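Biologist: I've got a new model to look at, and I'd like to talk it through with you. Can you put it up on the screen?

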Amino acid sequence: MPKAQKIGVLLVNLGTPDSTATGDVRKYLREFLMDGRVIDFPFIPRWMLVNLIIAPFRAPKSAKEYRKLWTDRGSPLLFHTEDLRDKLIPKLDPDKYLVKIAMRYQSPSIEQGLNELMAEKVRKIIVLPLFPQYASATNGSVIDRVMEIARGWQIIPEISFISNFVEHPLFLQAWEELGREMMEKGDYEHFVFSYHGLPERQIRKGSVDNYCKLGSCCNKYGAKNQFCYRAQCFQTTRLVAAKLGLPEEKVTTCFQSRLGNDPWVKPYTEDVIKELAGKGIKKVLVFSPAFVADCLETTVEVGEEYKEEFEELGGEHWDLVPSLNSNDTWIECVKDLIESRS
Ligand SMILES: C=CC1=C(C)c2cc3[nH]c(cc4nc(cc5[nH]c(cc1n2)c(C)c5CCC(=O)O)C(CCC(=O)O)=C4C)c(C)c3C=C
Ligand SMILES: [Fe+2]
Ligand SMILES: [Fe+2]
């Protein structure tokens, strides 16, 4: 009997520049923002916006931000993804699984990861985009890219895509553990759940039967809005807050990292900071559960810039819960996501 071929697993995160040099940051921004699922304009206006405005002006500013983030191991987004892979591999049956990581933009590329899996003649591929809440700009883009590459293959094995994992019990448990650890050390008056933002237009485009109105519709999560990014973020907050026993009035969901002048999903984290400070709230614990690894958007934007804004307005503690990174319960979650698709 020939030995059964393995199942290939591809863990895909967003991607990060190769270095903090402005040229590398520009190259990264260009690849990222020229993705029609990220900036969802027709090609010519997108090309002009990205190449004539965003990349030239944003690259030097972003490079400066990346310099605050960079470590001896490089970009945290990449090395936390490597650590996740390295801790996951010994937990999986080595005769059954082959695990690779990839980044949607820059390196290691999805093409490289898929080629390595195909070189081992895997019988099936499981793709896990490392974004808990589905968005066309992230999970959709990873799925799109994998299918684009597979289109060129003579033999296309079975491919399984994990769409989102907001309700996975171990994902929620990992956030509960990390939150509890922080709550044991500090006495917080309010809990902010700050998610990466998205243009409102992109939510409307994905709405089933025009259900999504970008308001209280997201207070429920069900069949009509199961792919709504905003509804999935609110659902993540509700589930994590319930596990931690946080009273509803002490919890706020909001959205950060806006780009451009179009309306993005609300409320904006900047506005929530002002509102909380205005109410005299001094001690805030912040979760950022759209990210599974610390990165520019958590460490620098939430952990440094928003902290500074809150403190300037009279706040005393703006403490960020570290991301899942290579937390043991998170590794168990990824293991279960893979094994349950095998
Ligand atoms: C968590 C999911 C993410 C969604 C949804 C998302 C949408 C989205 N992002 C931009 C623009 C930028 N994002 C940037 C960084 C960045 N974004 C995510 C994740 C999501 N983005 C991560 C994990 C990171 C950090 C990467 C790192 O290297 O640490 C950036 C680059 C940094 C900067 O210049 O500010 C941009 C630009 C858009 C336009 C968008 C949806 C349409
Ligand atoms: Fe982003
Ligand atoms: Fe919605």
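Modeller: Quick bit of vocabulary before we start: a helix here is a DSSP run of H or I at least four residues long, and helices are numbered from the N terminus. Also keep in mind that this is a predicted model.

Biologist: Which residues does UniProt list for "binding site"?

Modeller: The entry is an unreviewed one. The listed residues are spread over 102 residues of sequence, yet they cluster in space, with a largest C-alpha distance of 7.8 Å. UniProt's names for the "binding site" are H196 and E297.

Biologist: In which helix is E297 found?

Modeller: Start with its partner in the record: H196 lies in a strand, β5, residues 190-196. E297, though, falls within residues 296-312, and that run is helix α10.

Biologist: Is H196 buried or exposed?

Modeller: We count other C-beta atoms within 10 Å, and 20 or more makes a residue buried. H196 has 25 of them, so H196 is buried.

Biologist: And E297, buried or exposed?

Modeller: Same kind of count. E297 has 23 other C-beta atoms within 10 Å, and the cut-off is 20 or more, so E297 is buried.

Biologist: Which element gives the most to the side of domain 1 that touches domain 2?

Modeller: The chain is divided into domain 1 (7-165 + 328-339) and domain 2 (169-320). Their contact takes 24 residues from domain 1 and 23 residues from domain 2. On the domain 1 side, α2, α3, α5 and α11 each supply at least two residues. With five residues, the one that gives the most is α11.

Terms used
Residues numbered from 1 in each chain as written. Chains lettered and ligands numbered in written order. Predicted model: local features only at pLDDT ≥ 70, side-chain atom pairs only at ≥ 80, totals over all residues. UniProt positions renumbered as here; feature names shortened; annotations may be inferred. Buried ≥ 20, exposed ≤ 12 C-beta atoms within 10 Å, placed from the backbone. Domains from an automatic or database assignment. Contact = placed C-beta atoms within 7 Å.
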